[in-house]
Amino acid sequence: MTTSTSAQRVSAVVVDRTDGGITASYTTVERPRLEPTQVLVAPAYVGICGSDLEQMKGAMPDTFRINYPHVLGHEWSGEVVEVGSEVTSLKVGDLVIGHGELGGNQWFGVTEDGAMADVFAVAQDVCFRLKPGTNLISAALIEPFSCVLAALNKVGAINASHRVHVYGLGSIGLCAVVQASLQGAEVIAIDPSPKRRQLALVLGASDTLDPTSTERAGEFDATADVVVEASGAPAAQAAALESAAPGGRIVMMGVSTPRPTNARLGLIQERDLTVISSTGAPVAVWDRAIRYVERHDLDLSPIVSTMLPFSRIEEALARAGDPGLETKVLLTPDSQDHR
């Protein structure tokens with residue numbers, strides 16, 4: 001990441017591991033040199049994901065190898081500003097988003113440089129072209145939306161006869177509220193944050209519950225046909241079993257380091273529950289997620305609670321790590337004003 005010419009450098013958010021721990025700093029890196037099949041993208045918005053926070057805490061599962069240093073950011077929207085000599089599917093000026101799976105357990109923004117830079121290089125095959133005029137704030141949330149679509153496809157059909165419980169109302173959980181309610185289900189949204197619960201009602205939830213309160217404790221136990229656990233908190237993972245009705249389906253989505261908790265595992269057998277997991281968004285689901293958003297004319301931007309420039313990355317991470325304060329934090333390049 002060194003060069004002798006300042007014009008060859010761009011501003012970026014770089015994650016590194018030092019003796020003092022894992023840090024994210026606003027600095028400069030070498031301007032990417034395009035390979036023939038890559039495009040250069042100027043990001044409009046880059047989201048902070050729960051997995052980014054886990055990465056900063058050194059709490060990612062062992063299956064995710066992290067290369068240091070690297071540019072942060074895998075949830076993004078932007079515009080193509082340059083194309084490689086062999087690029088055929090995109091042109092300068094196209095609005096794009098992109099998935100993070102690079103193959104061989106390589107991940108954009110984790111093992112490879114990500115999107116939190118004035119410009120970044122990415123393979124054309126990673127990108128999806130958006131319609132002109134697409135809301136790029138909403139587009140930056142397609143990644144969590146795709147994760148949820150993959151999970152709900154995996155757990156099975158949801159319709160108006162079903163009651164769905166959603167634990168954890170970050171961007172994943174709120175996208176689950178949107179999708180389940182659009183499919184006609186009665187959705188109960190569960191989170192300690194009043195701000196997040198109120199937003200869930202705006203996005204289609206029928207009711208909400210504060211899991212830390214005893215006022216309505218047990219009210220929804222054994223009533224959910226489908227449970228989406230999107231927090232990764234051990235208490236919520238255990239509560240997901242209590243929520244599920246006989247024959248219910250549970251999908252565990254929250255990414256976290258496994259931690260001990262008290263859970264009545266016998267409920268799986270007693271109630272004939274199906275428990276599955278779903279992590280990330282397979283490449284094949286992205287086109288469907290984009291069509292879903294376009295056909296419903298969905299505006300996902302209400303999920304965004306704060307937008308900050310890249311240079312305020314420390315504040316952004318702190319805010320994103322406070323679930324009582326935030327639902328989704330997006331960052332923008334300091335050199336641009338997309339807000």
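## Reading a predicted fold, step by step

Trainee: Where should I start, and how many residues does helix α4 have?

Mentor: Helix α4 covers residues 171-182, which makes twelve residues. From its first C-alpha to its last it reaches 16 Å, close to the 16 Å expected at 1.5 Å a residue. Do keep in mind that this is a predicted model.

Trainee: Then how far can I trust it? What pLDDT does the protein chain average?

Mentor: The general idea is this: where pLDDT is low, the predicted coordinates should not be read in detail. Here the protein chain averages a pLDDT of 92, and 96% of the residues score at least 70. Residues 1-6 call for care, as pLDDT stays under 50 there. For that stretch the model has eight contacts beyond four places in sequence.

Trainee: Back to the helix. Is α4 largely enclosed or largely open?

Mentor: A useful idea first: an α-helix has 3.6 residues a turn, so residues three or four places apart point the same way. Now count the buried positions. In α4, ten of the twelve residues are buried, so the helix is largely enclosed by the rest of the structure. Among them are Gly 173, Leu 174, Cys 175 and Val 178.

Trainee: Which elements do the buried residues of α4 pack against?

Mentor: There are helices and strands on the list: α3 (142-155), α5 (194-202) and α8 (283-295), along with β11 (163-167), β12 (186-190) and β14 (224-229). Look just after α4 as well, where Gly 184 takes a positive phi of about 95°.

Trainee: Some of those are strands. In what order do the strands of the open sheet come?

Mentor: Read across the sheet rather than along the chain. Six strands form this open sheet, in the order β13-β12-β11-β14-β15-β16, and their pairing is parallel. β13 (207-209) and β16 (274-277) are at the edges with a single partner strand each, so one side of each has no neighbour in the sheet. From one strand to the next, the twist averages 20°.

Trainee: Could we zoom in on one pairing? How many bridges join β11 to β14?

Mentor: Four bridges join these parallel strands. For a spot to find on screen, His 165 stands opposite Val 227 in β14. You can also locate α3, which lies across β14, β15 (244-252) and β16 and runs at about 145° to β15.

Trainee: Now the aromatic rings. How do I tell whether the pair of Phe 108 and Phe 120 is stacked or tilted?

Mentor: Check the angle between the ring planes: under 30 degrees counts as stacked, over 60 as edge-to-face and the rest as tilted. The count comes to five aromatic pairs. For Phe 108 and Phe 120, the ring centres are 5.6 Å apart and the planes are at 55°, so this pair is tilted. Phe 108 is in the loop between β8 (106-107) and β9 (120-123), while Phe 120 is in strand β9. Both Phe 108 and Phe 120 are buried.

Trainee: What about Phe 128 and Trp 286?

Mentor: Their planes are at 5°, so that pair is stacked, with the centres 5.6 Å apart. Phe 128 in strand β10 and Trp 286 in helix α8 are 158 residues apart, and both are buried.

Trainee: And which residues do ring pairs link into a cluster?

Mentor: Trp 76, Phe 108 and Phe 120.

Methods. Residues numbered from 1 in each chain as written. Predicted model: local features only at pLDDT ≥ 70, side-chain atom pairs only at ≥ 80, totals over all residues. Heavy atoms only, no water. pLDDT = per-residue confidence, 0-100. Contact = heavy atoms within 4.5 Å. Helix = DSSP H or I, 4+ residues; strand = E, 2+ residues; numbered from the N terminus. Expected span 1.5 Å × (residues − 1). Buried < 20%, exposed > 50% of the residue type's maximum accessible area, 1.4 Å probe, protein only. Pairing = 2+ DSSP bridges. Axes fitted to C-alpha atoms, helices over the stretch in contact; angles between N-to-C directions. Phe/Tyr/Trp six-rings, centres within 6.5 Å; stacked < 30°, edge-to-face > 60°.
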